[in-house]
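Colleague: I would like a close look at a single part of this model. Please keep it to one stretch of the chain and the space beside it, and give the cut-offs as you go.

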Amino acid sequence: MKYTVVMLVVLLGIPMVVTGQQTPKPWLSEKERARYETLRRSGLEALYNLDYEKARQNFKQIAQLYPHHPAGSKLLAASVWIKTLYQSRRLQTSLYNSETFYADGEDKVDPKIVEEFRTLTRDAKRLTEARLKQYPRDIEALDFLAATAGLRASFLEAVERKHFAALREGSEAVDRHKDVLKLDPNYVDAELTIGIYEYVIGSLPLPVRILVGITGARGSKKRGLERLERVAKEGRWTRDDAKSALLLLYTREGRYRDIVPIARELGAKYPRNYIFRLEEAKALISVAEEERKAKNPVAAAQAEKDALKTFEDLLSDPALRDTIGRALDLIHFKFGEVLMTAGYADRAAKEFMTATQAEHADPGMVTMAHLYAARAYDVAGKRNEALAQYQKVLDRPNVYAAHDQAKRGLREPYRQESARNVGG
């Protein structure tokens with residue numbers, strides 16, 4: 001259950017792109033609106049390209065130019081949230097798709113970051129509510145109120161790990177976007193939040209779903225995906241947001257073939273965002289496994305080749321040197337995961353060990369890299385090397401329940417049923 005909740009709140013925090021709904025007195029003049037849209041587009045493009053400094057500069061300008069509008073505060077809060085996930089290596093989907101996301105550990109967030117985020121979202125909510133007192137049916141204001149609540153839910157769950165508070169904020173986001181659709185049924189972008197909500201409720205175990213239904217919550221995985229797919233095709237401002245959400249949900253559904261074209265499209269549009277290429281490679285290696293099981297060796301070999309080449313290109317691309325320089329730990333870690341899935345345990349162990357030595361490596365990521373290196377060594381039949389790495393984990397900060405997993409590894413070798421050419 002907890003995984004489905006974190007999936008909801010993480011995706012609810014995707015920076016919603018909003019525009020104006022004409023009211024008796026426009027929130028921004030035509031001239032102000034044009035300038036605001038230019039800064040917003042530039043900032044969001046930078047955010048998708050992992051250029052946090054440029055994004056922050058653009059959003060600060062919005063806040064300074066239009067202090068009566070919530071966009072600046074809300075977008076600045078979004079940049080704080082996404083940068084925090086990036087720095088803690090949680091922006092890549094497979095890092096938070098297990099119960100270990102909730103495990104107690106030592107990967108605590110700086111209280112100053114938490115306070116900055118809270119202040120920004122409080123300001124955004126205050127400015128939005130002031131607008132709604134004047135114009136209760138203002139769609140732009142309702143959209144901002146929903147987006148801010150979703151962002152708060154995301155931060156509460158993914159960063160502060162406050163489960164029930166996050167649920168309350170997430171429910172508020174969904175309710176406000178339902179209000180938007182009542183006023184304008186063609187406002188397709190509002191379906192992003194609702195679609196994710198419906199998918200998550202539909203993913204809950206039946207007894208839990210019945211319990212949640214007492215509060216009036218209803219959901220369907222199929223209907224939720226259909227909403228998101230509609231936003232990805234027809235949305236005016238949130239198409240890329242919906243596509244990013246679908247990367248995660250398709251992974252959960254095992255729809256790896258559907259992931260590849262989306263990841264490639266977003267990767268081409270935002271070339272500095274290596275995360276989309278990591279998602280593509282992860283999906284490709286799963287496609288290779290499917291082709292192998294279907295006894296299509298040629299197709300399997302091609303998908304595997306494409307997956308490995310994605311990492312090789314990523315690590316050798318001079319245009320990405322600055323961008324990936326502070327994320328080499330994550331990239332080598334993910335390369336190791338793909339190699340393990342493909343069955344190349346020896347090569348995987350080398351990538352995991354490289355991750356532990358990367359400059360600017362995140363301490364938590366280093367802990368996990370030692371753990372995964374130990375597993376790779378076990379699969380490769382190198383028990384002594386594995387034991388040394390499990391012990392390394394116990395000597396480091398405990399994240400994602402790493403210590404419990406290392407103790408298990410010390411008791412008995414790790415097994416991976418799908419590993420093929422373990423010495424490859």
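**Helix α15, helix α16 and a pocket**

Modeller: Arg321 counts as exposed because its relative accessibility is 55% (exposed is over 50%, buried under 20% and partly exposed in between, with a 1.4 Å probe and protein chains only). The model is predicted, so local features need pLDDT of at least 70 and side-chain atom pairs pLDDT 80 or more, while totals for chains, interfaces and linings use all residues. Residues are numbered from 1 along each chain as its sequence is written, and side-chain values use heavy atoms, without hydrogens or water.

Arg321 belongs to helix α15, residues 321–324 (a helix is a DSSP run of H or I with at least four residues, numbered from the N terminus). Its C-alpha lies 9.7 Å from that of Arg272, although 49 residues separate the two in sequence.

The second largest pocket has a volume of about 530 Å³ (a pocket is an open set of points on a 1 Å grid over the protein atoms alone, where a 1.4 Å probe fits, with protein on both sides within 12 Å along at least five of seven lines; lining residues have an atom within 4 Å of a point). The volume is the space filled by probe spheres set on the points, which are joined across faces, edges and corners. It has 22 lining residues, and Tyr52, Lys83, Tyr86, Gln87 and Arg326 are the closest to its centre. Helix α15 gives two or more residues to this lining, as do α3 (52–65), α4 (71–87) and α5 (111–134). The largest share, 6 residues, is from α4.

Helix α16 is mostly covered, with 13 of its 15 residues buried. Just after α16, Gly343 has a positive phi of about 100°.
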